[in-house]
Every structure is written in C-alpha cells, then in structure tokens.
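I opened this notebook to keep track of what I looked up in a structure that was new to me. The entries follow the order in which I asked my questions.

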Amino acid sequence: MTSGVQTKIDFKTVQNYIKENGYKLHSGAKEYTNSKSRLLLECPKGHVIEMSFTTFKTGCRCRHCWKQKKASGFHKANFVLPGSKGKK
C-alpha cells in the first residue's frame with residue numbers, strides 16, 4: 001500500500017523523456033522544481049511553447065501544430081472507420 005506521497009521526478013528523467021518524444025528542452029535544471037514547473041520546450045517544427053512536464057506526459061503537445069492540423073482538416077472527427085458506412 002502506498003502512502004500517497006509522490007516522489008519527485010528528477011530533471012534528467014524529464015530531459016530524456018522530452019528528447020525521446022522529439023522535443024527540445026530549453027529550460028535548465030534551475031527552472032525545474034517539480035513536474036508541475038513550467039518548462040520551455042521546442043517542438044519538432046520549431047515552435048517554442050511553455051508547458052509543465054505533467055501536461056506533456058499526459059500527451060499534450062504543441063498547440064501551434066495542433067491548430068495547423070485542425071485548420072487543414074486533420075482532426076479525428078473527420079475520419080470514418082472502415083465498415084461504419086460513413087457515420088462519424
């Protein structure tokens with residue numbers, strides 16, 4: 001049984017996770033207090049964004065890229081699954 005106390009994720013782990021997901025981390029260890037600290041990240045397309053590691057780890061990514069995909073019609077609501085006869 002756990003006590004409910006979470007251990008702090010060390011900066012090196014954060015750095016590696018962000019890099020493995022194709023992003024660059026511009027914030028340094030001094031700016032990192034815990035996983036809710038706001039970090040400066042750069043997406044693979046060069047957009048610089050601010051986001052906590054907690055948010056990044058949940059799957060949130062660059063809002064600029066997301067807006068571009070949405071504007072170009074690339075949104076999951078636009079996909080039709082095979083066999084669904086055009087129903088969304």
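The entries below go from the chain as a whole to single residues, then to a charged pair and a pocket.

**Entry 1: confidence**

I began by noting that this is a predicted model, and I looked up how far the predictor trusts it. The mean pLDDT of the chain is 85, and 77% of its residues reach 70 or more. I then went through the elements and found that confidence is highest in strand β1, residues 24-25, at a mean of 98, and lowest in helix α3, residues 63-71, at 87.

**Entry 2: layout of the chain**

I asked how many helices and strands there are in the chain. I found three helices and three strands, and, reading from the N terminus on, I wrote their order down as α-β-β-β-α-α. The chain has 88 residues, of which 25% count as buried. I also looked at contacts between residues with a separation of 6 or more, and 19% of these join residues 24 or more positions apart.

**Entry 3: two residues of helix α1**

I turned next to helix α1, which covers residues 11-20 and holds Phe11. Is Phe11 buried or exposed? Its relative accessible area is 16%, and a residue has to be under 20% to be called buried, so Phe11 counts as buried. Leaving aside neighbours within four places in sequence, I listed its contacts as Leu25, Ser27, Gly28, Ala29 and Tyr32. I also took the distance from Phe11 to Lys30, which is 19 residues away along the chain, and found their C-alpha atoms separated by 9.5 Å.

Val14 lies in helix α1 too, and at 0% relative accessibility I recorded Val14 as buried. Apart from residues up to four places away in sequence, Val14 touches Ile9, Tyr32, Leu39 and Phe53. I noted that Tyr32 is on the contact list of Phe11 and also on that of Val14. Val14 and Tyr32 are 18 residues apart in sequence, and their C-alpha atoms are 9.4 Å apart in space.

**Entry 4: a residue of strand β3**

I then picked Ile49, which lies in strand β3 and counts as buried at 1% relative accessibility. Which residues does Ile49 touch, not counting those up to four places away in sequence? I found Tyr23, Leu39, Leu40, Leu41, Arg61, Cys62, Arg63 and His64. From Ile49 to Arg38, eleven residues along the chain, the C-alpha atoms are separated by 9.7 Å.

**Entry 5: the salt bridge**

I searched the whole structure for salt bridges and found one. In general, side chains of opposite charge can pair when their charged atoms come close. Here the partners are Arg38 and Glu50, with the closest N and O atoms 3.9 Å apart. Why does this pair tie together parts that are apart in sequence? Arg38 lies in strand β2, residues 38-42, and Glu50 in strand β3, residues 48-52, so the bridge links parts that are twelve residues apart in sequence. I checked how open each partner is, and Arg38 counts as partly exposed at 48% relative accessibility, while Glu50 is likewise partly exposed at 42%.

**Entry 6: the second largest pocket**

Last, I looked at the second largest pocket, which holds about 150 Å³ of space. Its lining consists of Gln6, Thr7, Lys8, Ile9, Asn34, Ser35, Lys36 and Thr54. I sorted these lining residues by kind and got one nonpolar, five polar and two charged. I added a cross-reference for Ile9, which is in the lining of this pocket and is also touched by Val14.

Terms used: Residues are numbered from 1 along each chain as its sequence is written. This is a predicted model: local features need pLDDT of at least 70, side-chain atom pairs count only at pLDDT 80 or more; totals for chains, interfaces and linings use all residues. Side-chain values use heavy atoms; hydrogens and water are left out. pLDDT is the predictor's confidence in each residue, from 0 to 100. Helices (H or I, at least four residues) and strands (E, at least two) are DSSP runs, numbered from the N terminus. A salt bridge is a side-chain nitrogen of Lys or Arg within 4 Å of a carboxyl oxygen of Asp or Glu. Buried means under 20% relative accessible area, exposed over 50%, partly exposed in between (1.4 Å probe, protein chains only). On a 1 Å grid over the protein atoms alone, a cavity is a set of points where a 1.4 Å probe fits but cannot get out, and a pocket is an open set with protein on both sides within 12 Å along at least five of seven lines; lining residues have an atom within 4 Å of a point. Grid points are joined across faces, edges and corners, and a volume is the space filled by probe spheres set on the points. Ala, Val, Leu, Ile, Met, Phe, Trp, Tyr, Cys and Pro count as nonpolar, Asp, Glu, Lys and Arg as charged, and the others, Gly among them, as polar. Contact means heavy atoms within 4.5 Å.
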